[in-house]
Amino acid sequence: MEKLLQVENLHVTFKTHGGEIQAVRGVSFSLDKGETLAIVGESGCGKSVTARSIMRLIPEHTGRIREGRILFEGRDLLALTEKEMRELRGSAISMIFQDAMTSLNPTISIGEQIMEGIIRHQKVSRAAAREQAVEMLHLVGIANPERRLKQYLHEFSGGMRQRIMIAIALVCRPSILIADEPTTALDVTIQAQILELFKTIQRRTGVSIIMITHDMGVVAKMANKVCVMYAGKVVEAGTVRDIFYNPQHPYTKGLLYSMPRLDDDSHEPLYSIPGTPPDLFSPPKGCAFAARCDYALEVCRHHQPEFSCIQSQHQVACWLQDPRAKHVFPLRTATGM
Ligand code: SF4
């Protein structure tokens, strides 16, 4: 498959009053044409910062992309001027945010907001832009699109607002759609409808999707490929089958183990990974998961694990999988994982 996007060794930091936060610490992954990559992890693991870095939407006064390359169709996005980036945003790479209420303008009609991108990027007449906006609302499943175009945000339900966000993001037919927790604010039935809509649109348009989520259920439903992030790093990457049927990193196992299961009638409380993620003002010297890991070895606390290849696309950064540490037994035993 053709590589559409390659993120290589991305490092992003933020300046705060308390010091510098190392939010993203050497993240690498790639996205092929027509596939869906899920980036999954707890809040604060750096997944949204990674997504915003691709769009170059890191606030300049506090954030800084310190190192790395982001190649889109071979062009390094980090080397483009802001004007060149503005041309790309919305037309080649689009982003949908979690909360439509704060991302859409309540004082401008929905039609104007959808048409704005079309007129800016495609330089077409208002009539042609309106036609495309109607077509797009129809594609995202909004009935009576001609009438709906004249309406304002408060006249739509939560699910409808999310559909409008998707319409705005897709109206210029981007190659990549980045969806940052697009269903978190929605109830489960609407969530299922929106996820189904993403799949339908991908089938019809061939768009590649990066889905940022903390929900393994969303990952199972949507992804071809998965990157599991922890404390600003990718700790495991593979196909969706690798991650669900052959997880190797204790953190990935913990995430899977904390998912509610329909076939579980044990009435046991739902598992949660003990402890909290490390302070990214001064990340640990060794594996960032060591303080929460039931399998931690002495080496884990002093040296960062490198990636080991489990299968062609399946990689994990854990000392347990490192050939040099194979004969070292865990100091503690696993509990239930
Ligand atoms: Fe646990 Fe060590 Fe693997 Fe980190 S490297 S996940 S601490 S076993």
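**Figure 1. The lining of the largest pocket draws on β6, α4 and α7.** In this predicted model, strand β6 (93-96) and the helices α4 and α7 each supply at least two residues of that lining. The biggest share comes from α4, with six residues. Altogether 24 residues line the pocket, and those nearest its centre are G90, M95, S103, R120 and I168. Sorted by class, the lining holds 14 nonpolar, seven polar and three charged residues. The volume of this pocket is about 600 Å³.

**Figure 2. Here is the largest nonpolar core, with 38 residues.** Which members touch the most other members of this core? They are I114, I166 and F198. Several elements give two or more residues each to this core: α4 (110-122), α5 (126-139), α7 (158-170), β7 (176-180), α8 (188-205), β8 (208-213) and α9 (216-222). Another core lies apart from this one; it has 36 residues, including I58, L88, I176 and A237.

**Figure 3. A closer look at I114 shows its contacts from further along the chain.** Leaving aside residues up to four places away in sequence, I114 touches A133, L137, L149, A167, I168 and V171. Two of these names are worth finding in other views. I168 is also one of the residues nearest the centre of the largest pocket, and L137 is also touched by P145.

**Figure 4. S109 sits in the loop between α3 (100-103) and α4.** Is S109 buried or exposed? S109 has a relative accessible area of 11%, so it counts as buried. Setting aside residues up to four places away in sequence, the contacts of S109 are L149, K150, Q151 and Y152. L149 may look familiar, as I114 touches it too.

**Figure 5. P145 belongs to helix α6 (residues 145-148).** With a relative accessible area of 9%, P145 is buried. P145 touches V134, L137 and H138, again without counting residues up to four places away in sequence. Look for G111 as well: P145 and G111 are 34 residues apart along the chain, and their C-alpha atoms are separated by 9.2 Å.

**Figure 6. Four strands form an open sheet in the order β2-β1-β4-β5, with antiparallel pairing.** Which strands lie at the edges? The edge strands are β2 (19-32) and β5 (75-76), each of which pairs on one side only. Strand β1 (residues 3-16) runs antiparallel to β2, and eleven bridges join the two. To find one bridge between them, start at V7 and look for its partner F29 in β2. As a general guide when following a strand, side chains in a regular strand alternate between the two faces of the sheet.

**Figure 7. This view follows the sheet from β1 through β4 to β5.** β1 pairs with strand β4 (residues 63-72) over eight bridges, in the antiparallel sense. Q6 stands opposite L71 in β4, and L71 in turn stands opposite D76 in β5. How many bridges link β4 and β5? Two bridges do, again in the antiparallel sense. The hairpin of β4 and β5 has two residues between the strands, and within this hairpin E73 takes a positive phi near 45°.

How values were computed
Residues numbered from 1 in each chain as written. Predicted model: local features only at pLDDT ≥ 70, side-chain atom pairs only at ≥ 80, totals over all residues. Heavy atoms only, no water. Core = buried A, V, L, I, M, F, W, Y, C linked by side-chain atoms within 4.5 Å. Buried < 20%, exposed > 50% of the residue type's maximum accessible area, 1.4 Å probe, protein only. Contact = heavy atoms within 4.5 Å. 1 Å grid on protein atoms, 1.4 Å probe; cavity = no way out; pocket = protein on both sides within 12 Å on 5 of 7 lines; lining within 4 Å. Points joined across faces, edges and corners; volume = space filled by probe spheres on them. Nonpolar A, V, L, I, M, F, W, Y, C, P; charged D, E, K, R; others polar. Pairing = 2+ DSSP bridges.
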